Amino acid sequence: MTGPAVWATMQAKAGREDDARAFLAEANRRITAEEPGTTSFHAMELGDGRFAIFNTFVDEAAFLTHVQGPVAAWVQARNPELFTEPYAITRASVFARKRDAG
């Protein structure tokens, strides 16, 4: 399966790392509930207050729903509160993947 993907990195404000972690966990819950076309969401802690997310999408329409929808608006509204600057976003295309056993 191929499709659009997004890799984003962000730097938490000093002392807000726990809040950033909780925020990304809530983003995962919202995306799972509201975006069936988002096929994966991975939140990672890179160390020194740096975080990353990696999302994949079933198709271009699902990608657009993700970046233009209500979850994206919520994420953008909270960004200045928790992170030092806007996310550094890289758009990609998945061309190979390992399928889950289930």
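Axes here are lines fitted to C-alpha atoms, for helices over the stretch in contact, and angles run from 0 to 180 degrees between N-to-C directions. Keep in mind that this is a predicted model.

**Exercise 1. Work out how helices α1 and α3 are oriented to each other, and which residues make their contact.**

Step 1. Start with the axes: helix α1 (residues 17-34) and helix α3 (residues 70-82) come within 11 Å and cross at roughly 175°.

Step 2. Angles over 145 degrees count as roughly antiparallel. The crossing angle therefore makes α1 roughly antiparallel to α3.

Step 3. Now go through the contact. On the α1 side, the residues are Asp-19, Ala-20, Phe-23, Glu-26, Ala-27, Arg-30, Ile-31 and Glu-34. On the α3 side, they are Pro-70, Val-71, Trp-74, Val-75, Arg-78 and Leu-82.

Step 4. Sort them by class, and you get nine nonpolar and five charged residues, with no polar ones.

**Exercise 2. Check the span of α3 against its residue count, then find its buried residues and what covers them.**

Step 1. The expected span is 1.5 Å times one less than the number of residues. With 13 residues, α3 should span 18 Å, and its end C-alpha atoms are 19 Å apart, so the two agree.

Step 2. Pick out the residues of α3 under the 20% cut-off for buried. These are Val-71, Ala-72, Trp-74, Val-75, Asn-79 and Leu-82.

Step 3. Look at what sits over them: the cover includes β1, α1 and α2.

**Exercise 3. Place Ala-8 in the fold: is Ala-8 buried or exposed, and what does Ala-8 touch?**

Step 1. Find its element. Ala-8 belongs to strand β1 (residues 3-11).

Step 2. Check the accessibility. The relative value for Ala-8 is 1%, so this residue counts as buried.

Step 3. List the neighbours, leaving out residues up to four places away in sequence: Ala-8 touches Phe-51, Ala-52, Ile-53, Tyr-87, Ala-88 and Ile-89.

Step 4. For a distance check to α1, try Ile-31. Ala-8 and Ile-31 are 23 residues apart along the chain, and their C-alpha atoms are separated by 15 Å.

**Exercise 4. Take three salt-bridge pairs, Glu-26 with Arg-30, Glu-81 with Arg-78 and Arg-91 with Glu-60, and say where each pair sits.**

Step 1. The cut-off is a side-chain nitrogen of Lys or Arg within 4 Å of a carboxyl oxygen of Asp or Glu. By this rule, the model has eight salt bridges.

Step 2. In the Glu-26 and Arg-30 bridge, the closest N and O atoms are 3.0 Å apart. Glu-26 and Arg-30 are four residues apart in helix α1, so about one helical turn separates them. Both count as partly exposed, Glu-26 at 25% relative accessibility and Arg-30 at 27%.

Step 3. Glu-81 and Arg-78 have their closest N and O atoms 3.1 Å apart. They are three residues apart in helix α3, which again means about one helical turn. Glu-81 is partly exposed at 36%, and Arg-78 is partly exposed at 24%. This pair also belongs to a salt-bridge network that links Arg-16, Asp-19, Arg-78 and Glu-81.

Step 4. For Arg-91 and Glu-60, the closest N and O atoms are 2.4 Å apart. Arg-91 lies in strand β4 (residues 88-94) and Glu-60 in helix α2 (residues 60-68), so this bridge ties together parts that are 31 residues apart in sequence. Partly exposed is the verdict for Arg-91 at 43% and for Glu-60 at 36%.

Methods
Residues are numbered from 1 along each chain as its sequence is written. This is a predicted model: local features need pLDDT of at least 70, side-chain atom pairs count only at pLDDT 80 or more; totals for chains, interfaces and linings use all residues. Side-chain values use heavy atoms; hydrogens and water are left out. Helices (H or I, at least four residues) and strands (E, at least two) are DSSP runs, numbered from the N terminus. Angles under 35 degrees count as roughly parallel, over 145 as roughly antiparallel, 65 to 115 as roughly perpendicular and the rest as oblique. Contact means heavy atoms within 4.5 Å. Ala, Val, Leu, Ile, Met, Phe, Trp, Tyr, Cys and Pro count as nonpolar, Asp, Glu, Lys and Arg as charged, and the others, Gly among them, as polar. Buried means under 20% relative accessible area, exposed over 50%, partly exposed in between (1.4 Å probe, protein chains only).
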